[in-house]
Amino acid sequence: MTPETSGWKDFWLTAESPLAPGETMVLPTEKHPHVAAEAIINGMTAGLAIPKKVDKWWGYELHYRNDEMYCMKWLHFEHGGATSMHFHVGKHETLLVVSGILTVETVYNKESKFRRLGPGCALVITPGFVHRLIAAEGP
């Protein structure tokens, strides 16, 4: 998919902005091949994101935005798949369960804790939050 065929080019209506003008019509780059931005404001891109597929041993991810500060991606787990236990140094991400049951494992007071999330449940993961995602139930 290219920016021309994705529909992002005509996404925003033409309007006068009360903000200082930013750089506009940003095309995907080698660093962020999946981001096509309408504008860059305060160093951050705004606009539609073109997903980039990344295969994993537990399934795959569609990266809509994945940089040092923020992550928005679609995770598709094969039945029984799981990520490794990990944390993000400076990245904030939000998980939304679309279907099935996602079990989130974390460590609190040197003990593993588990939380089961069903469709429609969201979990905010802040920098430093140790977690592992497990898809032991559902599609």
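## Lys113 and its partner

In this predicted model, Lys113 is partly exposed, with a relative accessible area of 37%. The side chain of Lys113 meets that of Glu111 in a salt bridge, with 3.7 Å between N and O. Glu111 likewise counts as partly exposed, at a relative accessibility of 46%, because the partly exposed class covers values between the buried limit of under 20% and the exposed limit of over 50%.

## Salt bridges between strands

The structure holds 4 salt bridges, and among them is the one that Lys73 forms with Glu61, where the closest N and O atoms lie 3.4 Å apart. This pair links distant parts of the chain, since Lys73 belongs to strand 6 and Glu61 to strand 5, with the two residues 12 apart in numbering. Glu61 has a relative accessible area of 5% and is therefore buried, given that buried means under 20%.

A further salt bridge is made by the side chains of Arg132 and Glu105, at 3.5 Å from N to O. Here too distant parts of the chain are linked, with Arg132 in strand 11 (residues 132-137) and Glu105 in strand 8 (residues 101-108), 27 residues apart. The two partners fall into separate accessibility classes: Arg132 is partly exposed, with a relative accessible area of 29%, whereas Glu105, at 9% relative accessibility, counts as buried.

## The hairpin of strands 4 and 5

Strand 5, which carries Glu61, runs antiparallel to strand 4 (residues 52-56), and 5 bridges join these two strands. Strand 4 and strand 5 form a hairpin in which 2 residues lie between them. One of the pairings can be named residue by residue, as Lys56 has Gly59 in strand 5 as its bridge partner.

## The loop after strand 5 and a nonpolar patch

Strand 5 (59-66) is followed by a loop that leads to strand 6 (70-77), and Met69 has its place in this loop. Met69 has a relative accessible area of 57% and so is exposed, the cut-off for that class being over 50%.

Together with Tyr70 and Met72, Met69 makes a nonpolar surface patch of about 310 Å². Strand 6, which begins at residue 70, also holds Lys73, the salt-bridge partner of the buried Glu61.

Key: Residues numbered from 1 in each chain as written. Predicted model: local features only at pLDDT ≥ 70, side-chain atom pairs only at ≥ 80, totals over all residues. Heavy atoms only, no water. Patch = residues over 30% accessible without salt bridge, like charges linked within 9 Å, V, L, I, M, F, W, Y side chains within 5 Å. Areas by Shrake-Rupley, 256 points an atom, 1.4 Å probe, with all protein chains shown as cover. Helix = DSSP H or I, 4+ residues; strand = E, 2+ residues; numbered from the N terminus. Buried < 20%, exposed > 50% of the residue type's maximum accessible area, 1.4 Å probe, protein only. Pairing = 2+ DSSP bridges.
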